[in-house]
Amino acid sequence: MQLAMVGLGRMGANLVRRLIRGGHECVVFDRDAAAVDALVREGARPARSLPELVPQLRAPRAVWVMLPHGEPTATTVAELGRQLSAGDVVIDGGNSHHHDDVQRARTLAARGIDYLDVGTSGGVWGLERGYCLMIGGPEAAVQRLAPLFDTLAPGLAAQPRTRGSDGAVRRAEHGWLHCGPAGAGHFVKMIHNGIEYGMMQALAEGFDILRNAGKSSLGPEHRYAFDLADIAEVWRRGSVVSSWLLDLAAAALAEDRDLSGYGGAVEDSGEGRWTVQAAVDTAVPAQVLTAALYARFRSRQDHGFADKMLSALRKQFGGHVEAPARRTNP
C-alpha cells in the first residue's frame with residue numbers, strides 16, 4: 001500500500017522504515033530536510049512541503065501525522081483537510097487528546113474525509129519489535145488500511161497465545177485493535193500511558209528501597225549490600241514481575257550501575273495528567289496512577305534514586321533525554 005508520513009522524528013521515521021521493509025510505498029515530509037533525505041536513501045519518496053506531498057499520492061489517499069500533540073498536529077491536520085478529497089484518510093498517530101480527535105473527525109467528515117486516531121506504543125524499539133496500535137475511527141477506513149497496521153504491529157508470533165484463546169485468532173492478537181469511534185484509540189493509549197506511569201513508579205521505588213538497605217541507621221545485622229543490576233537480571237527470569245519495563249531497568253543498570261548519569265528530574269508528556277482527569281470525570285479511584293504522576297512533579301524539586309530510575313526507563317524505551325533540573329522550591 002501507499003502511505004504519506006508527516007513528521008520524521010524518532011517514531012515517525014521508524015514507522016516509515018518498518019513499512020518500507022514490509023513492501024509498502026512511503027512518501028515523507030518533515031520541516032527538517034535532512035530527515036527527509038535520510039529516508040529517501042532508504043527507499044522513501046520525498047516531499048518538500050504539504051502541497052507537494054498530496055499530488056504524489058494515489059486516491060484514496062492516506063496521510064499519517066506523527067507530530068507533537070497540540071498546535072503542530074492541529075495545524076497540520078487542518079491544512080491536510082483543505083488539500084485532501086472525499087474518501088481520503090488522515091491518521092493522527094501521536095498522543096493527542098481524545099476530545100481533539102472528536103472535533104477533528106467531525107470537521108473532516110463534513111468534507112468526506114475519514115479521520116483515524118492511532119495510539120502508538122513501542123518507542124524507539126518499535127522498528128524491530130513492532131508497534132502496539134490502538135485505533136479509533138470508522139471501521140471501513142480501518143479495514144482498508146489493515147495491511148499497513150499488520151505490517152507495523154508485532155504480529156501473532158510475537159507472544160504465545162493467551163491460555164484459553166483456542167478459537168479463531170482475534171485482531172488484537174496481531175498487536176493492533178480497532179477500539180471504537182473517533183477518540184477511542186487515543187483514549188485507550190492515554191490509559192495505557194497512565195498505567196505505564198504506575199508500573200515505572202513501582203519498579204523505581206522498589207529499587208530505591210533495595211539500594212538503601214545498607215543504611216547505617218539500620219542495625220548491623222539488618223544491613224544488606226545488594227547488586228541492583230544482578231537483582232534486575234534474576235527477576236527477568238521466571239519471576240512474577242518480569243516485564244519489558246524490567247528488561248529496560250536491567251539494561252539501564254547494566255550500562256550505569258548507580259545511574260550517576262541521570263539527574264532525576266522526570267518529565268511527563270501529558271497523558272498521565274489526562275488519565276487522572278479521566279478518573280476524576282468518571283469518579284473512578286486511581287490512587288496509584290495519581291501518585292505516580294505527582295511523584296514526577298516532586299522529582300523536579302528533589303531528586304532521589306527512584307527518580308533516576310524513572311529517567312533511565314524513559315530513555316530506554318522512548319529515547320527521552322532528561323531535561324535540565326528545574327528547582328521550584330528553595
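## Cores, a helix pair and unusual backbone angles

Leaving aside its neighbours within four places in sequence, methionine 5 touches Gly12, Leu15, Val16, Val27, Val28, Phe29, Trp64 and Met66, where contact means heavy atoms within 4.5 Å. The structure is a predicted model, in which local features need pLDDT of at least 70 and side-chain atom pairs count only at pLDDT 80 or more, while totals for chains, interfaces and linings use all residues. Residues are numbered from 1 along each chain as its sequence is written, and side-chain values use heavy atoms, with hydrogens and water left out.

Met5 is also one of the residues with the most contacts inside the largest nonpolar core, which has 35 residues, and Val16, Val28, Trp64, Leu116 and Phe149 are listed with it. The largest share of this core, six residues, is supplied by helix α1 (residues 10-21). A second, separate core has 26 residues, among them Ala229, Ala250, Leu253 and Val266. A nonpolar core is a set of buried Ala, Val, Leu, Ile, Met, Phe, Trp, Tyr and Cys residues joined through side-chain atoms within 4.5 Å; buried means under 20% relative accessible area, exposed over 50%, and partly exposed in between (1.4 Å probe, protein chains only).

Helices α9 (residues 184-211) and α14 (residues 305-318) have axes that come within 8 Å and cross at roughly 135°. Helices here are DSSP runs (H or I, at least four residues), as strands are (E, at least two), numbered from the N terminus. The two helices α9 and α14 are therefore oblique to each other, since angles under 35 degrees count as roughly parallel, over 145 as roughly antiparallel, 65 to 115 as roughly perpendicular and the rest as oblique. From α9, residues including Met200, Ala204 and Phe207 take part in the contact, and from α14 the residues that meet them include Met309, Leu313 and Phe317. By class, the contact of α9 with α14 has nine nonpolar, one polar and five charged residues.

Two residues that are not glycines have a positive phi, and the table sets them side by side.

| Residue | Phi | Loop | Relative accessibility |
|---|---|---|---|
| Leucine 259 | about 55° | between α11 (244-255) and α12 (271-282) | 0%, buried |
| Alanine 283 | about 55° | between α12 and α13 (287-299) | 69%, exposed |

Another backbone feature is the peptide bond from alanine 59 to proline 60, which is cis, with omega near -5°. Proline 60 is found in the loop between α3 (50-53) and β4 (62-65).

Terms used. Axes fitted to C-alpha atoms, helices over the stretch in contact; angles between N-to-C directions. Nonpolar A, V, L, I, M, F, W, Y, C, P; charged D, E, K, R; others polar.
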